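Got the structure open? Let's go through it with a few "why is it called that" questions.

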Amino acid sequence: MQIIRTIGELAPALRKWRESGEMFALVPTMGALHAGHLALIEAAKAKTDRVIVSIFVNPLQFNDPNDLDRYPRREAEDAAKLEEAGCDLLWLPTADQLYPDGFATTVSVAGISDRWEGEHRPGHFDGVATVVSKLFIATLPDIAIFGEKDWQQLAVIRRMTADLGLPIDIIGHPTIRENDGLAMSSRNALLSAEEREQAPALPHALERAREAIAGGEPVEAALINARQRLAEAGFSSVDYVALVDSATLEPIISPSGEMRLIAAAFLGKARLIDNIRVNSDTV
């Protein structure tokens, strides 16, 4: 596995792949890798000849400097996991590589980024769209793979890629979960032992809401009940629980089409997010 830290080193490495006709995938991450990330790499290896994984804790997408400072960083451990997983190239850019002196450009995706995470984390998706566009331009992969746990992020990146005309196939990979249903996330490391026991209440509340909606319960009532279950489980606050259109993220009151139940809530110092698919065929 090659380890590259500068864009200057990256370009000739990728040129060799292109000249030999090899297809390659990019898996962008912020490190602290877990089985969910490794599943993305496995999926990428099944679809292309080569796999690039980028690790960059992007300061532009953090609203709270303390949250940025707390984000786990495990470079050596991550590199060992990637080597074992068969990653071909690990790109570890520093901030000055992606945001040089005088950097003044922001990529903003209107509409789809306004609600939910966008409302509770102002500027977050501008940071995501800006850094992902930079990663895409530097690598120009054939495909890029993202986990579906960050569903709104995936939708924003798909919109951005289409709008900018980037010839990259954006692939979403199903959320990888622990045995008790909790979505794997680097932020789970922030949970205490007690909080980790409480955390599965989030996916369980979404599952109950899906069942209720499928059984004919009004959407608003199902969402109110989900919020109540989270409060009873020990979540200190709930930013949102909503039923939305899968593509546009607009809220849905009368179930139809492809939908997602999405949620974000605080448990101790950790802000957990999750989502599950709701198919209108079952409603």
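Q: What makes the contact between the side chains of Glu258 and Arg277 a salt bridge?

A: The term asks for a side-chain nitrogen of Lys or Arg within 4 Å of a carboxyl oxygen of Asp or Glu. Here the N to O distance between Glu258 and Arg277 is 3.1 Å, so the pair fits the definition. Glu258 sits in strand β8 and Arg277 in strand β9, so the bridge ties together parts that are 19 residues apart in sequence.

A quick word on the source: this is a predicted model, in which local features need pLDDT of at least 70 and side-chain atom pairs count only at pLDDT 80 or more, while totals for chains, interfaces and linings use all residues. Residues are numbered from 1 along each chain as its sequence is written, and side-chain values use heavy atoms, with hydrogens and water left out.

Q: Why is Arg277 called partly exposed?

A: Buried means under 20% relative accessible area, exposed means over 50%, and partly exposed is in between (1.4 Å probe, protein chains only). Arg277 has 43% relative accessibility, so it counts as partly exposed. Its partner Glu258, at 36%, is partly exposed as well.

Q: Which residues are joined into one network by salt bridges that share partners?

A: They are Glu117, Arg121, Asp239 and Arg271. The structure holds 17 salt bridges.

Q: How do you know that Asp180 and Arg196 form a salt bridge, and where do they lie?

A: Their closest N and O atoms are 2.8 Å apart. Asp180 is in the loop between β6 (169–173) and α9 (193–198), and Arg196 is in helix α9, so to speak a link between distant parts of the chain, 16 residues apart. Asp180 has 30% relative accessibility, so it is partly exposed, and Arg196, with 24%, is partly exposed too.

Q: Why are Glu207 and Arg210 separated by about one helical turn?

A: Because they are three residues apart in helix α10. (Helices are DSSP runs of H or I with at least four residues, strands are runs of E with at least two, and both are numbered from the N terminus.) Glu207 and Arg210 form a salt bridge as well, with the closest N and O atoms 2.6 Å apart.

Q: How do you know that β8 and β9 pair?

A: Two strands pair if DSSP finds at least two bridges between them. Strand β8 (residues 258–267) and β9 have 10 bridges, in the antiparallel sense. One example is Leu261, whose bridge partner in β9 is Ile276.

Q: What is the order of the strands in the open sheet?

A: The three strands run in the order β7-β8-β9, with antiparallel pairing. The edge strands are β7 (237–245) and β9 (270–279), as each pairs on one side only.

Q: What is the span of α11 against the expected one?

A: The expected span is 1.5 Å times one less than the number of residues. With 15 residues, α11 reaches 21 Å from its first C-alpha to its last, close to the 21 Å expected.

Q: What puts the buried residues of α11 on the same side?

A: Those residues are Val219, Ala222, Leu223, Ala226 and Leu230. They cover an arc of only 100 degrees around the axis, which puts them on the same side of α11. The arc is that of the directions from the helix axis to the C-beta atoms. What covers these residues includes α10 (201–214), β7 and β8.

Key:
Contact = heavy atoms within 4.5 Å.
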